[in-house]
Amino acid sequence: MNDLVRRLRVPVVSVVLALAATWLLLVVVDAPPLDALWQIWNGSLGRLSKIPDTLIAWVPLTLAAAGLIVTFQAGMWNIGVEGQIVMGAIGAAFVVRELSGPPAVVIVAAFVVGALFGIFWALIPGYLRTRFGVHEIFSGVALVFVASAIAVYLIIGPWSRTGVASTSGTDLFEERYWLPTVGADEYSWLAILVAVAAVVAIAVLMRGTRYGLRLKAVGKNHHSAFLMGIPTNAYMLSAFAMCGALAGIAGTVQALGFHHKLVPSISGNYGFLAILVVLLAGFRALWTAPIALFFAAMLVGSTQLSLRLGIDSSLAGVIQGMLVLFILVVGAWQAQRTRRLARRAETATTAGGG
Amino acid sequence: MALELRSIHKHFGAVRANDGVTLEVQEGELHGVLGENGAGKSTLMKVISGFIEADSGEVHLHGERLALQSPDDAIKAGIGMLHQDPLVFLPLTVLDNFLLGSPGSFRLNRRAGEQALREAADRYGFSFDPGALAQTLTVGERQQLEIARLLWLGARVLILDEPTTGISAAQREKLFEILNRLAEDGMIVLFVSHKLEEIEQLCHRATVMQRGKVVGHVDAPFSSDQLVEMMFGDVVVSEGRPDAALGSTVLELDAVTVSERLTTVEELSLHVAAGEVLGLAGLEGSGQRTFLQACAGLLKPKAGTIRLGDVDLTGRRYRNFLDAGVHYLPAGRLEEGLVAGMSIAEHFELTSGNASFFVDWNGAEAAATRDIEHHFIKGTKESVAESLSGGNQQRLLLAMMPDDVRLLLMEHPTRGLDIESADWVWTQLLARRESGTAIVFASADLDELLRYSDRIAVFFSGNVLRIVDAGTTTPDELGFLIGGKESVP
């Protein structure tokens, strides 16, 4: 019980602080706070017709977050996950444009190639990091821009719509290659299934397997892990590959399940947002699913704000950012406090002749 | 008119780094501070230069009591410290480095700075171009730059912490010349070293420290004998080591040259037999760690061969050394051995040698509980490594060691441990030795070296000065060798 209280203290305090800050912000811009929050809820999970919209955001966010769990466990900031999503979408688009055959085969092939493209794009910062010590944040960010540029080039160049070259995207893919849905307008069950499976698989891999245990050692103390005989570089590269694969799958889902074409902003910033999801989840795989749902709801629900209350929809981003900020601050404060208490206890025992 | 320290106390946890240090240095005096590693010299210097705050005690300069809470306070009071690694920003020019931290208005006065730098350079014979990049300077020139900067900031007390590490003999002579000239100008110079000959050559007076306390003050000319005795105290060599039968050669080095940063071990030939304990003596950074890392396969030798039993492992990977039965336990238990943030059970599982894809956590936790009891570790299976005391971290590290180790390489097996843990560690190590493991360990503790080694290799500035038989050598002889003196006068 006491343990649970201690564990929940950081998130609860953070959420309260973030809500208070949001409240203040809304009051300052002269908007009714309660009404705004109600609109967000009503525009996302609060209404049945809006739930598919929320899930459209939830799936790629969750997939990217699950992937980031792996690289974080290996102690690395795979910021480039955004670009890996774009590359996955390009790979998937390539398959459905160039291949023709039974939909099941083509779709599976699109997932495989999408994942491979994501892996390739993730292994570049991984290789630069392990071979030359280039920090993965810098190479990752650079590669996000490169991936976007490739997408734009394809859209206005080789894959441009017949007759018009426009940044609005390629031609729609053949409808039989779209991800299967239950009703006409609803989101694909397959995409949701893939996201759920990814979260569960990553959770098991990180907590229950020797691979996860060793990866944790690599992430927490690269040097000690190496001395224990763990091939640290191989483990770091495998983490990048795994994250790249999940990001590539997220890109595939975006292309085949939502846009049904390749568009320039196909990654939708879900990669960057997923980093916040993982931070908020405290690097625990299973927690990413509900937190991603919360983020997706905020994202989708806040589009109602401008419509109904004339507030800019970026409010969602403000709330999410503040939440993460408070989590980090409160977490650091908690850690500092724990250390201080431990030190005091130690001094007490030393003084007592222990 | 002098620098005066009165009863300085500084504790780190249970360790009394400075335990009532009192010291007085006159203007124009070159004052040596001598002591083994861990004697408290560096702590004392950091207190004087404001890097750490003393628990109690007073620092007076020219009759005025100083309140030192930061390096800034110290430099304002006229106390400057030259660190072992000079604080030089390599990508900046000499002049920019010189101007860094200079007092005055927001706007830099480059011309005044350059002139001051040239004046200092002329006066003390510094040899560098203000426009050159700092990275083109030698370590000795970086020191000169730092000294020039401290002088310009108004330093009247100059503290040098092991300034001769990693500089050439010529640069050392130059440094001593500069220090002598500074002293003639009335500067107070505190010179920290563990090299006897440097103190003898340079200083007017010396203070010897041991275990946080001042053992005594000595005036020049110094007697090496007396200094050694003061540094190491009376080492009581306790009961004889259990003799074990030596087996075949386990480790064999032939003319190995290996270097790491500032330290180079040159053309070292050496062999260790199964069941033998080889102690490595010497001051920190004399090459012991470089040697151990080469034996562990972490540093590749530039020349020579390393053999383990019949296998030539020269230039092979760390993994091959592990497979051949080498096990290395470095000094940093929590930095290069254990993983902070992971539990005891996780540590045991990591090094269990199990290969199954899924971890059987129930089994692993039960095994961890057994191992914790068996090795008398004070902690539970959930305890994270950083929550353990030094002694328990060492117990955990030994408990994690595989059974079939042929060559155990270890740094400071009992540093910072209480007596009970230290005894336990050596009981374990000697049991390993009984079963034929060769043990090579570095230590700064003469008592430990003499008590447990069969032979002791004494390192001095990168080379093995001599290998002595632990049964026949004396603490005095070891002390002299460690200080770089080949023979007892």
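**Asking how we know: a hairpin, a helix and two domains**

Author: In this predicted model, B:E252 has B:H271 in strand 12 of chain B as its bridge partner.

Reader: What makes strand 11 and strand 12 of chain B a pair?

Author: Two strands pair if there are at least two bridges between them. Strand 11 (residues 249–260) and strand 12 (residues 263–273) of chain B have eight, running in the antiparallel sense. So they pass the cut-off of at least two bridges and count as paired. Their hairpin has two residues between the strands, and B:R261 takes a positive phi near 45° there.

Reader: Okay, over to chain A. Why are residues such as A:L143 and A:A147 of helix 6 called buried?

Author: Buried means under 20% relative accessible area. A:L143 and A:A147 are among the buried residues of helix 6, and so are A:G140 and A:V144.

Reader: How do you know that the buried residues sit on the same side of helix 6 of chain A?

Author: They cover an arc of only 150° around the axis, which puts them on the same side of helix 6 of chain A. On the other side, A:F138, A:F145 and A:Y153 are exposed. The buried residues pack against helix 4, helix 5, helix 10 and helix 11 of chain A.

Reader: And what makes domain 2 and domain 3 of chain B touch?

Author: Contact means heavy atoms within 4.5 Å, and 13 residues of domain 2 are in contact with eight residues of domain 3 in chain B. About 920 Å² is buried between these two domains. B:L417, B:W424 and B:R432 supply 48% of the area that domain 2 of chain B buries against domain 3.

Notes: Residues are numbered from 1 along each chain as its sequence is written. Chains are lettered from A and ligands numbered from 1 in the order in which they are written. This is a predicted model: local features need pLDDT of at least 70, side-chain atom pairs count only at pLDDT 80 or more; totals for chains, interfaces and linings use all residues. Side-chain values use heavy atoms; hydrogens and water are left out. Buried means under 20% relative accessible area, exposed over 50%, partly exposed in between (1.4 Å probe, protein chains only). Helices (H or I, at least four residues) and strands (E, at least two) are DSSP runs, numbered from the N terminus. The arc is that of the directions from the helix axis to the C-beta atoms. Buried area is the accessible area (1.4 Å probe) that two parts lose on being put together, summed over both.
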